[in-house]
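Welcome, and thanks for joining this tour. Open your viewer, set the protein to a cartoon view, and keep the selection tool at hand.

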Amino acid sequence: MATSPTFHGTRSALVRDVILFIALLATALALGAALAHALELPNKIGLPRDEYFIVQQAYRGWDRLGYLLAVQLLAMILAALLSRHEPRVATLAIVAIASLLAAQAVFWIYTYPANVATENWTRMPDDWEHLRREWEYSHVAGAGFQLLAMCALLVAALVRRPPPGGAA
């Protein structure tokens with residue numbers, strides 16, 4: 001049975017929209033976690049050592065967000081690939097990918113080493129204040145990159161072409 005080109009165009013547009021939706025949702029969830037870290041900074045940065053280490057235990061289990069980041073990255077890559085015939089959308093998806101990768105670079109260069117040095121904030125090394133600053137401010141930078149990724153994806157969703165047949 002033959003199908004019309006309009007059907008194939010509509011179906012591929014639907015797949016692109018679903019992938020973009022997944023990228024947006026994953027980014028929104030990741031941004032929520034990133035902003036939580038950034039917004040708590042003013043209340044935590046001046047805490048005395050013992051109190052700071054107690055508060056840090058609230059983040060146990062947050063490493064599971066890595067799965068969400070994997071979904072986020074995969075959806076962004078697919079959105080860029082599926083939008084290769086729409087350069088504005090593909091470029092914005094690439095900006096989102098670059099932003100996510102920048103957030104991850106900040107995490108692995110600053111946040112993760114602080115987690116290792118403090119054994120996830122259960123050991124109090126002599127340089128804990130330096131590690132705290134790196135941990136806290138790296139989360140602010142990561143939140144900024146996640147926000148940039150979200151903005152790029154939102155603009156990508158707004159500038160994409162409607163599928164053949166005029167349905168949005």
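Which residues form one aromatic cluster? Select Tyr52, Phe53, Tyr59, Trp62, Trp121, Trp128 and Trp135, and show their side chains: together they make up that cluster. Keep in mind as you look that this is a predicted model.

**Stop 1: the whole protein**

Zoom out before going further. You should be able to find five helices and zero strands. Starting from the N terminus, the order of elements reads α-α-α-α-α. Now turn the model around: its C-alpha atoms fill a box of roughly 70 × 25 × 20 Å along the principal axes. The radius of gyration is 20 Å, whereas a compact globule of 168 residues would have one near 15 Å.

**Stop 2: a pair inside the cluster**

Go back to the cluster and select just Tyr52 and Trp121. Their rings form an edge-to-face aromatic pair, with 5.4 Å from centre to centre and 80° between the planes. Why does this pair tie together parts that are 69 residues apart in sequence? Tyr52 belongs to helix H2 (residues 49-56), while Trp121 is in the loop between helix H4 (87-117) and helix H5 (128-159), so the pair links those two places. Switch on the surface and look for both residues: Tyr52 and Trp121 are buried.

**Stop 3: a charge over a ring**

Keep Tyr52 on screen and add Arg132. The charged end of Arg132 sits over the ring of Tyr52, 5.0 Å from the ring's centre.

**Stop 4: another edge-to-face pair**

Next, select Phe107 and Trp108. These two also form an edge-to-face aromatic pair, 5.0 Å centre to centre and with 90° between the planes. Are they buried or partly exposed? Phe107 has 25% relative accessibility, so it counts as partly exposed. Trp108 has 47% relative accessibility and therefore counts as partly exposed too. In total, the count of aromatic pairs in the model comes to eleven.

**Stop 5: surface and contacts**

Finish with the whole protein again, this time with its surface shown. The accessible surface comes to about 9700 Å², and 69% of that belongs to carbon and sulfur atoms. Of the 168 residues, 38% are buried. How do contacts reach along the chain? Among contacts between residues at least 6 apart in sequence, 79% join residues at least 24 apart.

Notes: Residues are numbered from 1 along each chain as its sequence is written. Side-chain values use heavy atoms; hydrogens and water are left out. Rings of Phe, Tyr and Trp (its six-membered ring) pair if their centres lie within 6.5 Å; planes under 30 degrees apart count as stacked, over 60 as edge-to-face and the rest as tilted. Helices (H or I, at least four residues) and strands (E, at least two) are DSSP runs, numbered from the N terminus. Buried means under 20% relative accessible area, exposed over 50%, partly exposed in between (1.4 Å probe, protein chains only). A charge sits over a ring if NZ of Lys or CZ of Arg is within 6 Å of the ring centre and within 35 degrees of the ring normal. The radius of gyration is taken over C-alpha atoms; the globule rule is 2.2 Å times the number of residues to the power 0.38. Contact means heavy atoms within 4.5 Å. Accessible areas come from the Shrake-Rupley method with a 1.4 Å probe; for residues, only the protein chains shown count as cover.
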